[in-house]
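User: Could you take a close look at one part of this model for me? I'd like the sheets and the helices that sit on them, in one connected walk-through.

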Amino acid sequence: MRASRLLSILLLLQTRGRLTAQQLADTLEVSVRTIYRDVESLHAAGVPLYGDAGPDGGYRLLGGYRTRLTGLTAAEAEALFLAGMPGQAAELGLGTVLATAQLKLQAALPAELRDRSARIQERFHLDAPGWYYDGDTAPHLAAVAEAVWQQLRIEVRYRRWAAPTDVTRTLEPHGVVLKAGKWYLVARPAAGGGDFRCYRVSQILGLTVLDEGFERAAEFSLAGFWASYVTQFRARLYQGEATIRLSPAGRRRLRELMSAAVVEAVDETATPPDPAGWITATVPVESMQHAEAEFLRLGAGLEVLAPAALRQRLARAARGLADLYPPG
């Protein structure tokens with residue numbers, strides 16, 4: 001761990017120039033006292049490291065010194081595929097490895113290319129979760145990822161929706177997927193193979209990595225499986241239709257709040273606006289309960305015309321709200 005940190009100090013100074021002890025400590029997530037000890041060790045090893053005192057001071061390498069220890073380890077090379085998602089790399093237990101790999105790459109680049117790389121990082125940033133959701137809390141994610149990588153079977157205690165809700169399964173983990181801030185495990189049963197299934201990682205209550213390897217399915221493609229799974233999920237998701245009226249404001253809000261399938265359906269089936277600007281459209285619905293909750297978000301900007309059962313549910317909800325908020 002300390003050797004890795006010493007190398008990181010060298011690479012940071014090589015790529016960024018002068019840095020204070022506090023800046024080094026903040027970047028490497030250690031104390032300033034630790035940085036002082038590390039700098040002394042580098043001095044003792046003959047590294048031409050110079051420190052300036054004062055508000056404009058800091059450490060720098062002298063005489064154009066450059067370390068040649070820039071070769072990537074296998075783990076660092078693998079972590080580079082997550083270079084655009086440092087937060088998610090950290091969740092998978094690869095945060096430190098990824099940071100070291102990026103430092104080595106920067107150190108190996110000529111100055112001009114290094115500057116261009118820095119500009120990319122300054123101008124583009126990926127934030128995977130949605131606006132109203134910060135992502136999963138999945139304490140077993142790093143262990144799941146390690147089992148996937150090492151091709152080891154796992155025994156999980158999992159909470160599902162159907163009864164019995166808590167079940168224990170022995171699985172062969174083939175991959176993990178991040179979808180809208182939520183992590184999913186793609187695995188098949190360890191006994192007798194079987195079909196691949198998705199497991200929400202945050203719903204894993206307990207996990208044991210077994211000392212049992214397995215052979216990955218030769219025909220399995222994680223990207224291909226996930227594309228098929230999403231298509232099937234969407235086909236199962238919408239089991240009915242509703243006819244609705246939307247005000248101009250309701251239609252604008254619908255684009256912000258509803259799924260892409262609902263927005264597309266409105267665009268495809270919308271009638272010409274009436275004199276007040278309202279349109280009529282037919283949209284897919286998942287269930288009566290789900291549609292009621294979703295449509296209530298648009299308030300008086302949406303009216304359900306059919307089916308009658310859904311219209312009645314919204315009417316009951318509206319009467320309940322009116323009872324809670326009588327005219328004052």
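Analyst: Before we start, contact here means heavy atoms within 4.5 Å. Axes are lines fitted to C-alpha atoms, for helices over the stretch in contact, and angles run from 0 to 180 degrees between N-to-C directions. Helices (H or I, at least four residues) and strands (E, at least two) are DSSP runs, numbered from the N terminus. This is a predicted model, where local features need pLDDT of at least 70, side-chain atom pairs count only at pLDDT 80 or more, and totals for chains, interfaces and linings use all residues. Residues are numbered from 1 along each chain as its sequence is written, and side-chain values use heavy atoms, with hydrogens and water left out.

Let's begin with the five-stranded sheet. It is open, with antiparallel pairing and the order β6-β5-β4-β3-β7; two strands count as paired if DSSP finds at least two bridges between them. At the edges sit β6 (197-200) and β7 (204-213), each pairing on one side only. From one strand to the next, the twist averages 45°.

Now zoom in on β4 and β5. Strand β4 (residues 166-179) runs antiparallel to β5 (residues 182-189), and eight bridges hold the pairing. Two of the matched positions are easy to find: L178 stands opposite W183, and L171 stands opposite P189. The hairpin between these strands has two residues in the link, and A180 takes a positive phi near 55° there. On its other pairing, β5 is joined to β6 by four bridges, again antiparallel, with V186 opposite C198. As for cover, six of the eight residues in β5 are buried, so the strand is mostly covered; buried means under 20% relative accessible area, exposed over 50%, and partly exposed in between (1.4 Å probe, protein chains only). As a general point, side chains in a regular strand alternate between the two faces of the sheet.

Two helices lie across this sheet. Helix α8 (residues 141-150) crosses β3 (152-159), β4, β5 and β7, running at about 85° to β4. Helix α9 (residues 222-237) lies across β4, β5 and β6, at about 105° to β4.

On to the other sheet. This one is open too, with three strands in the order β9-β8-β10 and antiparallel pairing. Its edge strands are β9 (279-285) and β10 (302-306), each paired on one side only. Neighbouring strands are turned by 35° against each other on average, direction ignored. Strand β8 (residues 240-246) is joined to β10 by four antiparallel bridges, and L246 has L302 as its bridge partner. Helix α11 (residues 260-269) packs on this sheet by touching β8 and β9, and its direction makes about 145° with that of β9. Helix α13 (residues 308-324) packs on the sheet as well, touching β8 and β10, with about 145° between its direction and that of β10.

Helix α13 also has a helix partner. Helix α12 (residues 288-296) packs against α13 at an angle of about 50°, the axes being 10 Å apart. The two are therefore oblique to each other: angles under 35 degrees count as roughly parallel, over 145 as roughly antiparallel, 65 to 115 as roughly perpendicular, and the rest as oblique. Among the residues making the contact are M288, F295 and L296 of α12, along with L310, R313 and L314 of α13.
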